[in-house]
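Reader: I've just opened this one up and I'm new to it. Could you walk me through it, one question at a time?

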Amino acid sequence: MATGPIGSVILGLYEQGMTASPAQRAALLAQAGGEKANATLGDADRAAWRILTRYFGPAQDAVLTCPSCGAEVEFTLPANFSPPEAETEADLTIQYKGAAITLRLPRLSDLQNGPFDPRKLAPDAHWTDPDFRKAAEAALMAADPALKCDLALSCAACDTDQTQVLDVTGFVWARIEQAARALVRDVAKLARFYGWSEAEITAMTPVRRAIYLREMDE
Ligand SMILES: [Zn+2]
């Protein structure tokens, strides 16, 4: 049986993340999913995805904009979709122009103070050299493929097959926001009609709330 959202948890996450930056939301979701505040970005995405499937079930609908024609493409992610597991989380060594360069995986803390700066992963590396950058990105992706989750999509409007990158924590956050706002509307209706408190209403299962909402409309 699919477990529905636990109202108070969803509302709690929404409250904490509402005015936060995307990076802070990623950290919030990672911790809610059982990771440390300074998890690798791959672990953070996997933790956020666990939250999503725990509260909203295994299949997810999404809407992305087609880069070819601008239409909104609605699709359902496969039920077994999840960010892939890491091959390794240890530091990586890459050979570049005869030198061995040590690289670590990006972490949540790398995003907290302004835009991501790759020099944090290897301070002395040649990040301005596009060939080095390419080699470093390939090594990072091989170590943790969740750093870039590609989705193969087909646009019904213009019939183009395309690959889009899924922003995992952004996607999970959007789902939480949508659920929290719907929940607040339900709480307002039920509180007015039955006189219950927010705590009482959000502790109910979604099915139980739906039963009472339906009775109100009878
Ligand atoms: Zn299109």
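Author: Happy to, and bear in mind that this is a predicted model. Let's begin with two helices that pack together, α1 (residues 7–17) and α2 (residues 22–32).

Reader: How do α1 and α2 run relative to each other, roughly parallel or roughly antiparallel?

Author: Look at the angle and the spacing of the axes: α1 and α2 pack at about 150 degrees, with their axes 10 Å apart. Angles over 145 degrees fall in the antiparallel class. So α1 against α2 comes out as roughly antiparallel.

Reader: Which residues make the contact between α1 and α2?

Author: As α1 passes α2, the crossing is right-handed. On the α1 side the contact uses Leu13, Gln16 and Gly17. On the α2 side the residues are Arg25, Leu28 and Ala32.

Reader: Which elements are included in what covers the buried residues of α1?

Author: First, the residues being covered: Gly7, Ile10, Leu11, Gly12, Leu13, Tyr14 and Gly17 are buried in α1. Leu13 and Gly17 also take part in the contact with α2. The cover over the buried residues of α1 includes α2, α3, α6, α7 (198–203) and α8 (206–217).

Reader: Let me zoom out for a second. In what order do the elements of the protein run from the N terminus on?

Author: The protein has eight helices and six strands to place. Its C-alpha trace spans about 75 × 40 × 30 Å along the principal axes. From the N terminus on, the order is α-α-α-β-β-β-β-α-α-β-β-α-α-α.

Reader: What share of the contacts with a separation of 6 or more is between residues 24 or more positions apart?

Author: Some background on the chain: it has 218 residues, and buried ones make up 40% of them. Among contacts with a separation of 6 or more, the share from residues 24 or more positions apart is 58%.

Reader: On to the rings. What kind of aromatic pair do Trp49 and Phe81 form?

Author: The structure holds nine aromatic pairs, so there's a choice, since rings count as a pair when their centres lie within 6.5 Å. For Trp49 and Phe81 the centres are 5.1 Å apart and the planes sit at 70 degrees. Planes over 60 degrees apart get one particular label. That makes Trp49 and Phe81 edge-to-face.

Reader: How many residues apart are Trp49 and Phe81?

Author: Trp49 belongs to helix α3 (residues 41–56), whereas Phe81 is in the loop between β2 (72–77) and β3 (92–96). Trp49 is buried at a relative accessible area of 3%, and Phe81 is buried at 15%. The pair links distant parts of the chain, 32 residues apart.

Reader: Trp49 also pairs with Phe171, so how far apart in sequence are the parts that pair ties together?

Author: Trp49 and Phe171 are stacked, at 5.7 Å centre to centre and 20 degrees between the planes. Both of them are buried. Trp49 lies in helix α3 and Phe171 in helix α6 (residues 168–194), so the parts tied together are separated in sequence by 122 residues.

Reader: Which residue lies over the face of Phe56?

Author: This one involves a residue placed 4.2 Å from the ring centre of Phe56. The residue over the face of Phe56 is Arg175.

Reader: Is Thr40 buried or exposed?

Author: Thr40 is found in the loop between α2 and α3. Leaving aside neighbours within four places in sequence, Thr40 is in contact with Glu89, Leu105, Pro106, Arg107 and Asp144. Its relative accessible area is 2%, and under 20% is the cut-off. So Thr40 is buried.

Reader: And Asp91, is that buried or exposed?

Author: Asp91 lies in the loop between β2 and β3. Apart from neighbours within four places in sequence, Asp91 is in contact with Thr102, Leu103 and Arg104. With a relative accessibility of 55%, Asp91 counts as exposed.

Reader: One last thing: what value is phi of Asp159 near?

Author: Most residues other than glycine have a negative phi. Asp159 has a positive one, and its place is the loop between β5 (149–154) and β6 (161–166). Asp159 is exposed, with a relative accessible area of 66%. Its phi is near 65 degrees.

Note on methods. Residues numbered from 1 in each chain as written. Predicted model: local features only at pLDDT ≥ 70, side-chain atom pairs only at ≥ 80, totals over all residues. Heavy atoms only, no water. Phe/Tyr/Trp six-rings, centres within 6.5 Å; stacked < 30°, edge-to-face > 60°. Helix = DSSP H or I, 4+ residues; strand = E, 2+ residues; numbered from the N terminus. Buried < 20%, exposed > 50% of the residue type's maximum accessible area, 1.4 Å probe, protein only. Lys NZ or Arg CZ within 6 Å of the ring centre and 35° of its normal. Axes fitted to C-alpha atoms, helices over the stretch in contact; angles between N-to-C directions. Parallel < 35°, antiparallel > 145°, perpendicular 65-115°, else oblique. Left-handed = near helix turned anticlockwise from the far one by under 90°. Contact = heavy atoms within 4.5 Å.
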